[in-house]
Amino acid sequence: MNPTQKQFPISTSKLLRSLSLSCLAIWAVRSGALAQAPVGLSIQTYAGLSITGAVGMVYTVQYTTNLTEPTDWQGAGIVQLPSSPHLWVDTSAPAAGRRFYRALKGPTNLVWIPPGTFTMGSPATEVERASTEGPQTVVTLTRGLFMGKYELTQGEYAEVMGSNPSYFRNGVAPLFGGSGGPVTDELRHPVETVDWYDATDYCARLTERERVARRLPAGWLYRLPTDAEWEYACRGGTTGAFHYGRLLGTGMANFYNVQWYDSSIGTMFNPGQPFLGRTTVVGSYEGNGWGLYDMHGNVLEWCSDWGSDNLPGGRVIDPQGPGPTPSSDHVLHGGHWNHFARQCRSAYRAYDGGDPGDRSDKIGFRVVLAPGQP
């Protein structure tokens, strides 16, 4: 998570939202003359920064008001460059005074997920779907966020927490007769055997560390994704059972490969397929359209939401799920290394057994970085 301390070319300018506001001002003057009502208008100037760097790379933008004080840099924003140069606007800059800016290479394991609308849950035609996956709900997420490109690794967890609770450590053999062989590079395997409290504690500690280092903009924090954010990110603009499409088979994810799945057929038994019997190094399989890896299989991933028997239906904006009940569990998504393919579908919500205190060699998580709470 530590950014490389390297400064990149960056230039500043002042941008005016003048085109739209000028049109608004003209309309307001004319309509005000008819309605005889006083109209007040103001135009805010923002700092426009032209950032030159590697396309797709995440950068942390910092500012200072005093160049003579080398420790006074503060987080202004985090951006994944869609092009180079890229124009980024600091909307937090005050109207008066001045700021000096620099861009540093930021976290290398994050991917920008843009805001948007998608259909959450599975259609009735998706064979072997569960009742918890419906009714299908049109969800609008109004804010973009950064999400972990990979499931959090054992190395990343140990760096922040000082310990590694995972079962699949170096030298550990696969389970259930799996053919994966002993683990040899544990720090690149997903952390597992972590409960929901461990996952949220990691996010809190990482947030505090990055705030102390002044690498986070004001109000930004690391957290778990919501149920809706996770499925939206997993789909990456797709509508099928998987981000691959309708089928999940051998070589596409780390799951119980004997049980394939096709959304129009259901589970297909394929004896003799290789079954690893353990987790794999993160990023071992093809990512989705947004550059996220292992959204299907490897380990289940904790979400922030409490579980529910079904989705709300209709249209919702930025849902956060229901509150807890005496018997409720937290949502888990994505399937794991010993799950059938149907349990790795984008819409599959495994909250049965997701008690926040549960620890398992099949459960891990990935982080979200975003402003404020979901």
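**Stop 1: Tyr232 and helix H4**

Select Tyr232. This residue is buried, with a relative accessible area of 8%. You are looking at a predicted model. Tyr232 belongs to helix H4, residues 227-235. Now select the whole helix. Nine of the nine residues in H4 are buried, so count the helix as mostly covered, since buried means under 20% relative accessible area. Click along H4 and you pass Asp227, Ala228, Glu229, Trp230, Glu231, Tyr232, Ala233, Cys234 and Arg235, each of them buried. Step past the end of the helix to Gly236. Gly236 follows H4 and has a positive phi, near 55°.

**Stop 2: across to Phe118**

Go back to Tyr232 and add Phe118. The structure holds 15 aromatic pairs. In the pair Phe118 and Tyr232, the ring centres are 5.2 Å apart and the planes stand at 45°, so the pair is tilted. Phe118 sits in strand S9, residues 116-120, and Tyr232 in H4, so the two rings tie together parts that are 114 residues apart in sequence. Phe118 also counts as buried, at 10% relative accessibility.

**Stop 3: more rings**

Select Tyr167, Phe168, Phe176, Tyr256, Phe275, Trp337 and Phe340 together. Ring pairs link these residues into a cluster.

Two arginines are worth a click next. Show Tyr63 with Arg99. The charged end of Arg99 sits over the Tyr63 ring, 3.7 Å from its centre. Then show Tyr261 with Arg345. Here Arg345 lies over the face of Tyr261, 5.8 Å from the ring centre.

**Stop 4: Glu186**

Move to Glu186, in the loop between helix H2 (154-161) and helix H3 (196-212). Is Glu186 buried or exposed? At 12% relative accessibility, Glu186 counts as buried. Turn on polar contacts. The Glu186 side chain makes one with the side chain of Arg169, at 3.2 Å. The Glu186 side chain also reaches the backbone nitrogen of Asn170, at 2.7 Å. Leaving aside residues up to four places away in sequence, Glu186 touches Gln154, Asn164, Phe168, Arg169 and Asn170. Phe168 is one of the residues in the ring cluster of the previous stop.

**Stop 5: Tyr244**

Select Tyr244, in the loop between H4 and strand S13 (247-248). Tyr244 counts as partly exposed, at 25% relative accessibility. Bring up Glu286 beside it. The two residues are 42 apart along the chain, and their C-alpha atoms are separated by 9.0 Å. A polar atom of the Tyr244 side chain lies 3.1 Å from the backbone oxygen of Glu286. Which residues does Tyr244 touch, not counting residues up to four places away in sequence? They are Met252, Tyr285, Glu286 and His296.

**Stop 6: His296**

Follow that last contact to His296, in the loop between S15 and S16. His296 is buried, with a relative accessible area of 3%. A polar atom of the His296 side chain lies 2.7 Å from the backbone oxygen of Cys344. Show its surroundings. Beyond residues up to four places away in sequence, His296 touches Cys234, Phe242, His243, Tyr244, Ala253, Asn254, Gly334, Cys344, Arg345 and Ser346. Two names on that list have come up before: Cys234 is one of the buried residues of H4, and Arg345 lies over the face of Tyr261.

**Stop 7: the strands**

Switch to cartoon view. Three strands form an open, antiparallel sheet in the order S13-S14-S15. S13 and strand S15 (266-269) are the edge strands, each pairing on one side only. Strand S14, residues 259-262, pairs with S15 over four bridges in the antiparallel sense. Pick Trp260 and find Met268 in S15, its bridge partner.

Now go to strand S16, residues 300-306. Three bridges join S16 to S18, and the two run antiparallel. Trp306 has His330 in S18 as its bridge partner. Select S18, residues 330-333. His330 and Leu332 point one way, Val331 and His333 the other, and all are buried. In a regular strand, side chains alternate between the two faces of the sheet.

**Last stop: colour by confidence**

Colour the chain by pLDDT. The chain averages 88, and 86% of the residues score at least 70. Then select residues 1-34. Their pLDDT is below 50, and the stretch has 69 contacts in the model beyond near neighbours in sequence.

How values were computed:
Residues numbered from 1 in each chain as written. Predicted model: local features only at pLDDT ≥ 70, side-chain atom pairs only at ≥ 80, totals over all residues. Heavy atoms only, no water. Phe/Tyr/Trp six-rings, centres within 6.5 Å; stacked < 30°, edge-to-face > 60°. Buried < 20%, exposed > 50% of the residue type's maximum accessible area, 1.4 Å probe, protein only. Lys NZ or Arg CZ within 6 Å of the ring centre and 35° of its normal. Polar contact = N/O pair within 3.5 Å; in protein donor to acceptor, adjacent residues only side chain to side chain. Contact = heavy atoms within 4.5 Å. pLDDT = per-residue confidence, 0-100. Pairing = 2+ DSSP bridges.
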